[in-house]
Amino acid sequence: MVVRRAAVAGSFYPASKTELSRLLDRLLAEAKPGPPPKVLVTPHAGYAYSGPVAASAFARVTTPIERVVLIGPAHRVFVRGMVSPGADRLATPLGEVVVDLEALARVPYITAHADVHAQEHSLEVELPFIQKVAPDARVVPIAVSHANASDVGLAIEALWGGPETLIVLSSDLSHYHPYAEGRARDERSVAKILAFDPTLLGEDACGCTGLNGLASLAQRKPLRGELIDLRSSGDTAGSRDAVVGYAAIAFTEAA
């Protein structure tokens, strides 16, 4: 049994199980309800900065979920293609999440690379939210630095499943611009995401590869997008001199 240990508990979010659980309960309770999503776009900064925005997305998960396909950028170790952590379980202060190894096996070009995941926060910070809203779900964790959008789209399609499967794309938006400039940049990026424009760059969204992969699916998987929340660190817990943008976006399957 290989367990990927939490790397950013105590920095990005509380290391105490009780404190973390209470914080998540409060953030989720403050979020507004909405239609159950098929795909969520959620930020991955420290909870003091992006937690309320992430909660506004995860609060939409109100139907039973058995599998969460979780795709996020690799910040610390550059990798070509898509990689899994090579683990059976992922640990957080709330417990361990089971990795859906059977689902990962459906996409043979997703390879195991423990070093990429070992210190990566973009997937880890989403896990406690998943444990709260989908406590019985298995997770398909995928980190990516550089990959072809169509390849990412094909991986998402192979893992799409039915209503039991939720796709979560982890991404922050612009980084370290003055408040007004960051807001304008983020509004343009959100417009691209909602329009399934596959030309996002890393300067627009660090999770651009996953988002562009979703865009490549637009013709085969008709979706309706909704911006739930758009804020920055200047709205939550930081200075307005150099902000990081956060969006919560939900996509539902079109009839």
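Reader: What makes Arg5 and Glu96 a salt bridge?

Author: Happy to start there, and please keep in mind that this is a predicted model. The closest N and O atoms of Arg5 and Glu96 are 3.9 Å apart. The cut-off is a Lys or Arg side-chain nitrogen within 4 Å of a carboxyl oxygen of Asp or Glu, so the pair qualifies.

Reader: Which parts of the chain does that pair tie together?

Author: Arg5 sits in the loop between strand 1 (3-4) and helix 1 (17-30), while Glu96 belongs to strand 6 (residues 95-98). The pair therefore ties together parts that are 91 residues apart in sequence.

Reader: Why is Arg5 called exposed, and Glu96 partly exposed?

Author: Arg5 has a relative accessible area of 54%, and exposed means over 50%, so the word fits. Glu96 has 39%, and buried would need under 20%, so Glu96 falls in between and is partly exposed.

Reader: How do you know that Glu157 and Arg220 form a salt bridge?

Author: Their side chains meet at 2.9 Å, N to O. That is within 4 Å, so the definition is satisfied. This pair links distant parts of the chain: Glu157 is in helix 6 and Arg220 in the loop between helix 8 and strand 11 (223-232), 63 residues apart.

Reader: Are those two partners buried or partly exposed?

Author: Glu157 has 25% relative accessibility and Arg220 has 42%. Buried means under 20% and exposed over 50%, so both count as partly exposed.

Reader: What makes Arg185 and Glu181 a salt bridge, and how are they placed in helix 7?

Author: The closest N and O atoms of Arg185 and Glu181 are 3.1 Å apart, and the limit is 4 Å, so the name is earned. Being four residues apart in helix 7 (residues 179-194), the two are separated by about one helical turn. Arg185, at 24%, is partly exposed, and so is Glu181, at 36%.

Reader: Which residues do salt bridges with shared partners join into one network?

Author: Arg5, Arg89 and Glu96. The structure holds 13 salt bridges.

Reader: Let us turn to helix 6. Which of its residues are buried, and why are they said to line one face?

Author: In helix 6 (residues 149-158), the buried residues are Val152, Gly153, Ala155 and Ile156. Seen down the helix axis, they fall within an arc of 160°, so they line one face of helix 6.

Reader: And what covers those buried residues?

Author: The cover includes strand 3 (67-73), strand 4 (82-84), strand 7 (110-112), strand 9 (165-170) and helix 8 (208-215).

Terms used:
Residues numbered from 1 in each chain as written. Predicted model: local features only at pLDDT ≥ 70, side-chain atom pairs only at ≥ 80, totals over all residues. Heavy atoms only, no water. Buried < 20%, exposed > 50% of the residue type's maximum accessible area, 1.4 Å probe, protein only. Arc of directions from axis to C-beta. Contact = heavy atoms within 4.5 Å.
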